[in-house]
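Subject: Structure handover and notes

Dear colleague,

I am passing on the structure below, together with some notes on what turned up in it. Please read the notes with the structure open beside you.

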Amino acid sequence: MRKVAPKVLSLIGSLFWTVSLTSCTAYQDRAGSETVVEATATPFSINQEPVNRAVADSVSRGVYPFLYVRVETFDGTVIYEHQVTNPDLAPRIPTGDSWMRLWSMSKSVTIAAILDLEEDGLLNRSDPVTNTIPEFAEMKVLGTGSDGPSCALPPTAPERAMTIEDLLNHTDGLYYTYTQYPCLNNSLAKARLPEAKSSADLIDRIAELTLHPSAMREYHYGIGTTVLGLVAERATNQPLETIIRERITGPLGIDDSLTYSVPPGTTLFPRITGKSGTLKPAAPGDLEIFGGPVPTYSTGPRAFFGGEGMVGTSKAFATVLRMMGNGGALDAVRILDESTVRDWSAPKTQLDSPYGHNGFNIWTTSGKVDGMPDQKPGLLVGGGYEGTAFWIDPDLKLVGLIMSQVHQPVTKGTDEIARLRGAIYDSLLARGAALE
């Protein structure tokens, strides 16, 4: 198992700007004023106020209960950090050390582990999933007739075997409870996956699902990365949390701040929803991604959800992003080969989209987001179900995080993230260099 690089990596080259100013973090009190809580030196020429105002505006408009925004260079220098909160919805000020539910940001960590296992020869992306999970051998696809797929038709055998690459690409036919087919949504809800007491229990529950008609043909976002975690467990005979700790978070020095269980004495931010048009505490069932229960992050008997189940800090996740941006290595530690990381974001699906393309669950932007400020093309972006978002800028050697905890913001979440990221590239960085 390769974890320490054979030689210490060279230091990151100098960045485009050398003016040293300060980057302040702030929060909003009940009267709406902002209070500076810390300041750090930065190597970038910064015009912070427009960005600060954009962050505060998203909270004051009731889109988010709080926002924590962080931008780092690939060498870990924090060049911008700002937070704004509505204290009626968030009981404390978020920081880089605040624990949050990451949801689909978990996928990148699981994918890193799968690619590492492939490098070590323990699996291959072309392998059928049934090589490690034979319980899936009888899974069927929603029936299709002359009028298209229908819940009224008997399910049929898939046109070919599901592979690990299908799981990486979301062409596996798995899904969340948002399909156009009520029978699939109801079946997933009935399975109550987050209540699984073990990996074997979770596998048995998933094996009872009927696959989406896109199976083995087209991209459809779903629980495939959680199945990747189960594949990793079977390939190594280790629980997913051990695989991640030994191969990713441990070598990066963040094993105690990016994991699957909330540390004793740590309280997560409350679950907030905007599905009714106004932010309020979420009721049971409001987070309907699985159609019922959600991951609990407990330490008791349970399965590990590689696609949705991580909790951790923004600071820790930024470390993972910096590893990815640095071509699979950080300081003297190499996690993945550089060629593997390049392939990770290479075009895989949604190749005809005007907005970019998907690699292995990481989106490369074209720079086009309708109605939003100018966006920088070539960013690698992703996010999670409760208002978490990240990006990697390979050109300027930056990573960014825009973090909250809210299910279904009252306005379109992707637009809000694009607006905030646009403000950063418009005001935080030298505009001409950032958008050239």
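A good place to begin is the lining of the largest pocket, to which β15 (363–365), β16 (380–384), β17 and α10 (413–428) each supply at least two residues. Please keep in mind throughout that this is a predicted model. Among the contributors, α10 gives the largest share of that lining, namely six residues. The pocket itself has a volume of about 1,500 Å³, and of the 46 residues that line it, those closest to its centre are G382, G383, G384, G413 and T414. When the lining is sorted by class, it holds 20 nonpolar and 19 polar residues, along with seven charged ones.

Next comes helix α1, which covers residues 48–60, and whose 13 residues reach 18 Å from the first C-alpha to the last, close to the 18 Å expected at 1.5 Å a residue. Several of its residues are buried, including V51, V55 and V59, and also the polar Q48, N52 and S58. After this helix comes G62, which has a positive phi near 80 degrees.

Two residues that are not glycine also have a positive phi, and they can be taken one after the other. For M216, the value is near 65 degrees, and you will find this residue in the loop between α5 (199–207) and α6 (224–236). Is M216 buried or exposed? Its relative accessibility is 5%, and because buried means under 20%, M216 counts as buried.

For K397, phi is about 55 degrees, and this residue lies in the loop between β17 (388–393) and β18 (398–403). K397 has a relative accessible area of 31%, which falls between the cut-offs of 20% and 50%, and it is therefore described as partly exposed.

The last point concerns D120, which sits in the loop between α2 (106–119) and β6 (144–145). With a relative accessibility of 26%, D120 also belongs to the partly exposed class. Which side chain does the side chain of D120 make a polar contact with? The partner is the side chain of R247, and the distance given for this contact is 2.8 Å.

With best wishes

How values were computed
Residues are numbered from 1 along each chain as its sequence is written. This is a predicted model: local features need pLDDT of at least 70, side-chain atom pairs count only at pLDDT 80 or more; totals for chains, interfaces and linings use all residues. Side-chain values use heavy atoms; hydrogens and water are left out. Helices (H or I, at least four residues) and strands (E, at least two) are DSSP runs, numbered from the N terminus. The expected span of a helix is 1.5 Å times one less than its number of residues. Buried means under 20% relative accessible area, exposed over 50%, partly exposed in between (1.4 Å probe, protein chains only). On a 1 Å grid over the protein atoms alone, a cavity is a set of points where a 1.4 Å probe fits but cannot get out, and a pocket is an open set with protein on both sides within 12 Å along at least five of seven lines; lining residues have an atom within 4 Å of a point. Grid points are joined across faces, edges and corners, and a volume is the space filled by probe spheres set on the points. A polar contact is a pair of N or O atoms within 3.5 Å; within protein, one must be able to donate a hydrogen and the other to accept it, and residues adjacent in sequence count only if both atoms are side-chain atoms.
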